[in-house]
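Thanks for making time this morning. I would like to walk you through one model, going from a single residue out to the chains and back to the backbone.

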Amino acid sequence: MSHPVRIVGRLVMPAFWLALVLLILAPCAAFLALAVSPRLFDQGGQWFTLSYLRGAFTGTTFVAMTNSIWVSCVAAVFGTVVGGSIAWAVARTTLPGRRLVTGSMWLALLLPSWLPSIGWVQLFQADGVMYRMGFDYPGITNLILGPFGVVLVLGLRCVPFAYLAITAALAGLGQEFDDAARVHGASRLSALRVVVPIIQPAIWAALAIGFAESVSDYGVAATLAYSANFPLATFELFGQINNFPANFPAASALGWLLVATIALPLALQARALRGRSYAVLSGRTRQAVRRPLSLGGGTLAVGGILLFYILALGVPALGAVSQSLLADFGASFHLSFANYSQVFHSSTLTGPLIRSMKYGAITASVTVVGGFIIARLLTKVRTKAVRMLDFLMLAAIALPSVLFAAGYIFAYNLPFLSSIGINLYQTTTLLIFAYIASSLPLNSRVLVGAVSQLQPSLTDAARAHGAGPITAWLRGVFPLMSKPLLVAWLLTFTGVFLELPISQLLYAPSQPPLSVAIEDNLSNYHFGVGLAQSVVAVAIALVVVGSVLGVYRLLAPRGWRRLGEATNR
Amino acid sequence: MVLLGPSGSGKTTLLRCLAGIERISAGSISLGDAVVATRNRHLPPEDRDLAMVFQDYALWPHMIVRDNVAFALRRRGIGRSARRAEASVVLGRVGLSALEDRYPSQLSGGEQQRVALARALAGRTGLILFDEPLSNLDANLRERLRIEISSLVRDAGATAIYITHDQAEAFALADRVGVLEQGRLVQLGRPEDIYASPATPFVARFTGLAGEFAARTRSAAAEDGTVEVEVDGLPMARPLRARAARSGAGPHEGLLTIRPTAIDLCRHDANEHHLVGTVADVAFRDRGYEHAIDIPGHPRLTGVLSDIRVGRGDRVGVRFNPTGCLVFPT
């Protein structure tokens with residue numbers, strides 16, 4: 001390798017760590033510091049105090065935090081069980097219609113949490129769509145607009161994360177492990193119990209992602225939970241920022257509690273992976289064999305998956321679409337396309353749409369590279385620095401986006417930055433930095449499952465046979481990672497495309513992203529137009545996802561696409 | 001050259017250092033006259049002009065067999081179609097022409113290893129490294145592939161460094177064998193010399209012993225290099241002689257090591273034996289019957305071959321040939 005290339009190579013990791021510090025650690029640290037030192041950023045008189053932290057354990061804050069924790073636990077387990085079961089059925093059985101499942105799972109994933117939540121509210125609230133259709137069931141209304149409904153919607157939201165994480169791991173789980181168990185006398189169920197632990201990294205990642213996503217979720221907290229009078233931590237936190245006067249130190253204290261709750265899944269995940277090797281993907285991996293389903297088994301499986309989609313997509317879609325076809329107020333059920341007509345004739349939709357697509361593409365491209373590097377560090381290197389990185393990534397997932405954005409406001413609005421000519425506040429650059437920082441942790445978690453299965457000898461073999469390090473990676477590893485990387489790219493793209501809290505706090509003046517434009521309509525009680533905008537935005541996002549996956553299927557070499565495919569025997 | 005040693009002896013680490021996959025912290029590595037690695041210098045693997053066959057084959061699962069082999073030809077700067085054509089030729093030499101369009105997961109273990117071998121040969125490098133390539137294969141296939149590796153590498157005129165923990169495999173393949181113990185090279189030589197004259201008790205054990213006894217020499221070495229040996233607590237029916245590992249030494253305490261080939265079985269009442277033992281186990285091998293003999297108060301003798309089968313529990317006379325008995329001073 002030439003001398004300049006070696007110098008650049010040696011600078012990559014330090015530059016990467018510096019970027020992580022500036023993008024994630026510094027803004028998080030700035031905001032969290034407020035809880036103990038409000039005077040640091042002119043938010044109070046004390047240089048050091050614990051009063052805000054103590055206050056977080058009292059009153060409505062403590063109630064909201066407790067609600068968030070138990071709800072997130074149940075939602076994460078629910079999501080992992082359901083998502084994992086669906087992933088197994090799709091990857092390892094002759095499930096009818098399985099090709100539709102992955103695409104449909106994307107739809108469940110790209111929906112921002114506030115959208116299905118609003119759909120449920122619009123459908124079941126006291127004067128909602130069901131009432132206007134003539135169905136008035138107060139018992140069901142109270143059930144949905146209560147803790148059960150919150151757990152249900154959050155749990156359904158966890159399913160796609162778990163499905164994607166576990167699907168990626170199942171792709172590398174060859175048939176030989178199941179065969180070894182069956183040959184030694186294990187029944188199908190026993191073999192499952194033996195084989196499933198091999199994909200433990202993906203299962204723990206799914207639980208960790210599910211819990212962190214649920215804890216930090218704002219959309220459900222601000223809509224369904226708010227309507228149900230069931231306080232959650234994130235909305236409580238937003239209230240402390242949004243109220244006048246804003247109480248940033250109290251919000252920061254609540255942020256500490258949220259970060260602390262992530263220690264549990266992190267500890268569980270680390271304990272599960274300690275001292276074990278999960279490297280199973282290599283040239284010797286044999287394609288999995290699909291188990292044929294009986295009529296009863298197939299009916300049960302299809303029925304279960306359909307039920308998931310009805311609850312995750314069908315019910316909220318009915319609520320959202322029907323509201324978008326109704327006038328904003330009134331008791332009648334007269335449907336029309338007036339709202340859609342208004343949307344398509346309004347220039348206020350086009351600009352934010354294109355803007356958000358650009359932001360999504362840029363963020364996804366940068367995040368995929370960073371996410372892969374982080375996933376590789378987390379799975380292959382176990383130094384103290386990497387363990388800290390692991391905690392930082394999970395903490396960043398848990399930190400609600402609204403807190404993240406607030407941290408950026410503080411960190412990048414500091415006087416000393418202006419004095420050295422760095423004025424990023426209220427610029428598109430800072431907005432994209434915040435998108436990258438908030439997407440990177442989740443992106444890396446999604447990739448951990450696939451990266452943990454890479455055999456190091458694949459790059460060693462390429463190097464030993466004359467390939468440089470970059471060529472060895474491009475030809476030996478990248479094809480194996482192409483699908484997981486593409487999935488991670490699309491996940492980030494769709495997440496940024498409809499992202500709300502960061503967009504709302506950091507967008508550059510007169511350049512609102514799509515979600516801000518939609519939120520403006522909803523907050524001004526233009527439900528019909530707002531939901532019509534949302535439906536159109538979701539449709540466009542689906543087209544993008546379908547097109548990208550379709551192009552991959554058409555253009556990727558056959559060898560890349562066959563990895564992880566199962567065979568029918 | 002075959003590097004032989006137990007697990008943890010440093011074979012794989014040494015091979016990876018030779019390949020450039022690992023860096024060394026001290027010393028130096030030279031390939032020919034070129035220094036490729038020192039503490040402060042490290043020539044990367046792709047610049048060392050070598051090839052490697054990995055224990056887990058390391059075939060890229062997303063490439064068909066022909067492309068796996070053709071990859072090694074990239075360093076020669078020839079075009080894509082020429083690479084594929086030459087890869088097909090090499091695959092023909094290892095008998096895999098019919099499988100060149102398959103993916104690695106569609107091949108058996110032996111076939112995958114032959115692809116890995118073809119990849120290593122295709123590059124026509126001066127040095128080929130083998131990292132226990134046969135350890136995952138069944139015995140019959142292992143023997144067939146060993147012969148293929150031996151003949152193909154010799155036909156290619158390449159230098160090969162092969163690591164294994166299997167003594168039989170090492171001796172069958174090697175022109176020279178290096179025995180490793182805890183990261184140190186304890187003996188280097190021809191297989192025959194290492195077997196006949198192991199440098200240390202560890203080398204003797206690792207290259208195959210029937211048994212070993214604490215002993216004492218009763219005299220200095222005779223003209224034929226043998227000494228009379230007395231085994232602690234084990235009276236012999238006739239004087240036992242063994243070769244001395246250290247020439248010129250006077251009577252001393254020692255460790256008597258016995259090769260399986262140094263033991264003959266005879267009737268226990270024929271007065272031709274050194275001692276009498278009891279057969280603990282007998283197993284048919286294609287070369288004869290392999291016996292395990294219990295000696296009262298001493299470790300069992302194992303791997304004792306005989307044309308005649310002696311039944312379990314039967315008493316049998318044991319006779320030692322001095323050529324295969326070696327006493328090391330302790």
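Let me begin with Glu111(B), which, once its neighbours within four places in sequence are left aside, is in contact with Leu96(B) and Leu99(B); two residues are in contact here if their C-beta atoms, placed from the backbone, lie within 7 Å. Before I go on, please keep in mind that this is a predicted model, in which local features need pLDDT of at least 70, side-chain atom pairs count only at pLDDT 80 or more, and totals for chains, interfaces and linings use all residues. Residues are numbered from 1 along each chain as its sequence is written, while chains are lettered from A and ligands numbered from 1 in the order in which they are written.

Glu111(B) sits in helix α4 of chain B, residues 109-122, where helices (H or I, at least four residues) and strands (E, at least two) are DSSP runs numbered from the N terminus. Is Glu111(B) buried or exposed? Neither, because it has 19 C-beta neighbours inside 10 Å and so counts as partly exposed; the cut-offs are 20 or more other C-beta atoms within 10 Å for buried and 12 or fewer for exposed, with partly exposed in between. Phe54(B) lies 57 residues away from Glu111(B) along the chain, and their C-alpha atoms are separated by 14 Å.

Turning to chain B as a whole, we find eight helices and 18 strands, and a C-alpha trace that spans about 75 × 45 × 30 Å along its principal axes. Of its 330 residues, 39% are buried, and among contacts between residues at least 6 apart in sequence, 64% join residues at least 24 apart.

One strand to look at is β11 of chain B, residues 240-244, where five of the five residues are buried. Four bridges join β11(B) to β10 (226-231) in an antiparallel arrangement, with Val227(B) having Ala242(B) as its bridge partner. Two further bridges, this time parallel, join β11(B) to β18 (325-329), and there Arg243(B) is partnered with Leu326(B); strands pair, in this usage, if DSSP finds at least two bridges between them.

Which residues have the most contacts inside the largest nonpolar core? They are Ala165(A), Ile166(A) and Ala434(A), in a core of 263 residues, a core being a set of buried Ala, Val, Leu, Ile, Met, Phe, Trp, Tyr and Cys residues joined through C-beta atoms within 7 Å. Helix α8 of chain A, residues 147-171, gives the most to this core, with 18 residues. Beyond its neighbours in sequence within four places, Ala165(A) is in contact with several residues, including Ala202(A), Ala205(A) and Val446(A). Helix α11 of chain A, residues 200-216, is mostly covered, with 16 of its 17 residues buried.

As for where the chains meet, the contact takes 25 residues from chain A and 28 residues from chain B. On the side of chain A that touches chain B, the largest share, six residues, comes from α24(A).

Finally, two backbone angles deserve a careful look. Most residues other than glycine have a negative phi. Asn229(A), in the loop between α13 and α14 of chain A, nevertheless has a positive phi near 55 degrees, and Asn229(A) is exposed, with 8 other C-beta atoms within 10 Å. Tyr57(B), in the loop between β4 and α2 of chain B, has a positive phi of about 70 degrees, but Tyr57(B) is buried, with 26 other C-beta atoms within 10 Å.
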